[in-house]
Amino acid sequence: MLFRSMTTGIGALIIAIGVLINQMQEYSDAAEKAAEEQKKLNERIKNSAEVGLKGEQNYLKNQEKLELAKAKLKGATEEEIFKIQQDYRAQNIRALERNYNETKGIDAVADKEKLDAIKSAIIEGQVAESEYQIKLKEDRKSTRLNSSH
């Protein structure tokens, strides 16, 4: 009788271990499937964010051209034209930042490229500002020289 109890207990234990292994395998399969689906979703998010960014940047370029043309037609000053250009540079930076935030963490290489693009756009605006200030300074100097003659 004791032998039968041990056999029944061992049999139950073996069955329980088999059920546990089966459950773990099912869990593992489900986790792998979920990971694959997440990867696909991330790729779709990344692709749609890129399409959105390109569309937004094209729109901004066209709007900037249109606004500059209208300003020049009205006889806008260099300062007014420069402010329009700087405004569109700032809008482009915001578009780049938005795109980065939408896809951050999906692809480390793409994250770095996007951060580099943001930094480059910021530097472009700073360089344009410096060049504009130098031009203003040269214009004032030239005006003083011409008025003294």
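## A briefing on helix α2 and its surroundings

E79 is partly exposed, since its relative accessible area of 40% falls between the 20% and 50% cut-offs. This residue lies in helix α2, and α2 is a handy thread to follow through this predicted model. Below you will find the helix itself, its far end, the loop after it and the largest pocket.

**Helix α2 along its length**

- Helix α2 covers residues 78-103.
- With 26 residues at 1.5 Å a residue, α2 should span 38 Å, and the 38 Å between its end C-alpha atoms therefore agrees with that expectation.
- The buried residues of α2 include the aromatic-ring carriers F82, Y88 and Y100, along with I81, I84, I93 and L96.
- Q86, N99 and T103 are also among the buried residues of this helix.
- E79 and E50 sit 29 residues apart in sequence, yet their C-alpha atoms are 33 Å apart in space.

**T103, where α2 ends**

- Is T103 buried or exposed? T103 is buried, because its relative accessible area of 2% is under the 20% cut-off.
- Which residues does T103 touch, leaving aside those up to four places away in sequence? They are I45, K46, A49, D111 and K114.
- With K114 there is also a polar contact, side chain to side chain, at 2.5 Å.

**After the helix: G105 and D107**

- G105 follows α2 and has a positive phi, near 95°.
- D107 belongs to the loop between α2 and α3.
- D107 counts as partly exposed because its relative accessible area is 24%, which lies between 20% and 50%.
- A polar atom of the D107 side chain lies 3.1 Å from the backbone nitrogen of V109.
- Although D107 and N42 are 65 residues apart along the chain, 8.9 Å separates their C-alpha atoms.

**The largest pocket**

- The volume of the largest pocket is about 190 Å³.
- Which helices each supply at least two residues of its lining? These are α1 (2-73), α2 and α3 (108-148).
- Lining residues of this pocket include Q57, L60, K61 and E64, as well as Q85, Y88, R89 and N92.
- A121 and E124 are also part of the lining.
- By residue type, the lining of the largest pocket holds 3 nonpolar, 3 polar and 4 charged residues.
- Y88 links two of these topics: it is one of the buried residues of α2, and it is one of the residues lining the largest pocket.

Definitions and conventions
Residues numbered from 1 in each chain as written. Predicted model: local features only at pLDDT ≥ 70, side-chain atom pairs only at ≥ 80, totals over all residues. Heavy atoms only, no water. Helix = DSSP H or I, 4+ residues; strand = E, 2+ residues; numbered from the N terminus. Buried < 20%, exposed > 50% of the residue type's maximum accessible area, 1.4 Å probe, protein only. Polar contact = N/O pair within 3.5 Å; in protein donor to acceptor, adjacent residues only side chain to side chain. Contact = heavy atoms within 4.5 Å. 1 Å grid on protein atoms, 1.4 Å probe; cavity = no way out; pocket = protein on both sides within 12 Å on 5 of 7 lines; lining within 4 Å. Points joined across faces, edges and corners; volume = space filled by probe spheres on them. Nonpolar A, V, L, I, M, F, W, Y, C, P; charged D, E, K, R; others polar. Expected span 1.5 Å × (residues − 1).
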